[in-house]
Amino acid sequence: MKRHNNLFSQVIDFKNIHSAYLKTRKRKRYAKKALTFTFNLERNLVVIKKELFLQNYKHGKYNEFFVCDSKKRRIKAPCFKDRVIHHSLCNIIEPIFDKSFVFDSYACRNGKGTHKGIKRLKYFLKNRNNDYCLKCDISKYFDSINHDILIFLIKRKIKDKKIIRLIREIIKSIHEDEAGKGIPIGNLTSQLFANIYLNELDQFIKRELKEESFIRYMDDFLILGKEKREMHILKEKIKTFLTNNLKLEFNPKKADVFPLFMGIDFLGYVLYKDYVLLRKSTVKRFLKKMENNTADKGGINAWLAYAGHANSFKLTKAVFK
């Protein structure tokens, strides 16, 4: 297996740090924190380079808040400086790991995303002769990621000790009560680390179980198959693998085998073999915003883009009427 050495010099290269700054301020150029950092830009970038070079960088505190979309989630947002460092790291190491990810992993990757995942599932439904779906969700995924296992998986590709030290500093910055577990939702690095962790599951399903009709989007994944009994056997094999190899568990309420005619609720849509509907809960949330006059132009445009990927012409017309 190829290992990558001497990456740290690329991470702390001034051009890379400046590129990371530009990515961090993207779409937030006039936010207060971005303006404050930019006011003394050169000094701040030099400080980052120096702290990383001397290996005395300490991750800052998080701004903690909750968001409610399909479910309530606790977000830990790092400060602007820490986000620049996250980008500096990911600029260099993400391409190394992305090459090893399976084709059908769609979360937080260039050229992927929800709509590519939906398009792929449409293809599976129309072109492969399957009757059942195994759909699973991992319980408290980000909170359950084991630090030692994560570092072990990263070390298989990266040998540079300074990179590993920086990664340890970032993953241990969450300061949770239970030591050695959990990465914060809100870090750019967490998105990459989460994909590295579950790539082990992807490889198991594709290489060991030889399943072709498989799609994963972060901690949600599904497999299509012909026989109901076969799907239940797969479920138990995957459950055992997650427990033994990654110390993860299924969400018991979201690990199920069902016939395809019932529709697959995935990434905000409900997919059938011949058509796609919008998820009812998403429609209800948008209707509530319309009724309360809290849907702004951006929200309406986002809704139209979302609805445009489903068979929803009549529904959309009725909503805006």
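This section describes the sheets, helix packing and one buried residue of a predicted model.

The first sheet considered is open and contains 4 strands, which follow one another in the order β4-β5-β3-β6 with antiparallel pairing. Its edges are formed by β4 (214-217) and β6 (250-259), each of which pairs on one side only. From one strand to the next, the twist averages 10 degrees. Helix α6 (residues 114-127) packs on this sheet and touches β4 and β5 (220-225), with its direction at about 160 degrees to that of β4.

Within this sheet, strand β3 (residues 132-138) is joined to β6 by 6 bridges, the two strands running antiparallel. In this pairing, Lys135 is placed opposite Asp256 of β6. Strand β3 is also connected to β5 through 6 bridges, again in an antiparallel arrangement, and here Cys136 has Phe221 of β5 as its bridge partner. Strand β5 is mostly covered, with 5 of its 6 residues buried. The antiparallel pairing of β4 with β5 extends over 4 bridges, and Phe214 has Ile223 in β5 as its bridge partner. The hairpin of β4 and β5 has 2 residues between the strands, and in this hairpin Met218 adopts a positive phi near 55 degrees.

A further open sheet is built from 3 strands in the order β7-β8-β9, with antiparallel pairing. Because β7 (264-266) and β9 (276-278) stand at the edges and have a single partner strand each, one side of each is left without a neighbour in the sheet. The twist in this sheet averages 30 degrees from one strand to the next. Strand β7 pairs with strand β8 (residues 269-271) in the antiparallel sense over 3 bridges, and Phe266 stands opposite Tyr269 of β8.

Helix α14 (residues 313-320) takes part in two of the helix contacts described here, with α12 and with α13. The axes of helix α12 (residues 280-291) and α14 come within 11 Å and cross at roughly 20 degrees. This angle makes α12 roughly parallel to α14, since angles under 35 degrees are classed in this way. The crossing of α12 past α14 is right-handed. On the α12 side the contact is made by Val283, Phe286, Leu287 and Met290, and on the α14 side by Leu315, Val319 and Phe320. By class, this contact comprises 7 nonpolar residues, with no polar and no charged residues.

Helix α13 (residues 297-307) packs with α14 at an angle of about 160 degrees, and the axes of the two helices are 10 Å apart. The two helices are therefore roughly antiparallel to each other, as the class covers angles over 145 degrees. As α13 passes α14, the crossing is right-handed. The contact brings Ile300, Trp303, Leu304 and Ala307 of α13 against Thr316, Val319 and Phe320 of α14. Its residues divide into 6 nonpolar, 1 polar and no charged. Val319 and Phe320 of α14 thus belong to the contact with α12 as well as to the contact with α13.

Another helix pair is formed by helix α2 (residues 14-25) and helix α4 (residues 41-54), whose axes come within 10 Å and cross at roughly 120 degrees. The helices are therefore oblique to each other, and their crossing is right-handed. Residues Phe14, Ile17, His18 and Tyr21 of α2 meet Leu41, Leu45, Val46, Ile48 and Lys49 of α4. By class, the contact contains 7 nonpolar, 1 polar and 1 charged residues.

Residues of this contact recur in the surroundings of Val84, which lies in helix α5 (residues 80-98). With a relative accessible area of 0%, Val84 is buried, because the limit for that class is under 20%. Leaving aside neighbours within four places in sequence, Val84 is in contact with Ile17, Ala20, Tyr21, Thr24, Phe37 and Ile48. Among them, Ile17 and Tyr21 on the α2 side and Ile48 on the α4 side also take part in the contact of α2 with α4. The C-alpha atoms of Val84 and Leu22 are separated by 8.5 Å, although the two residues are 62 residues apart along the chain.

Notes
Residues numbered from 1 in each chain as written. Predicted model: local features only at pLDDT ≥ 70, side-chain atom pairs only at ≥ 80, totals over all residues. Heavy atoms only, no water. Pairing = 2+ DSSP bridges. Axes fitted to C-alpha atoms, helices over the stretch in contact; angles between N-to-C directions. Contact = heavy atoms within 4.5 Å. Parallel < 35°, antiparallel > 145°, perpendicular 65-115°, else oblique. Left-handed = near helix turned anticlockwise from the far one by under 90°. Nonpolar A, V, L, I, M, F, W, Y, C, P; charged D, E, K, R; others polar. Buried < 20%, exposed > 50% of the residue type's maximum accessible area, 1.4 Å probe, protein only.
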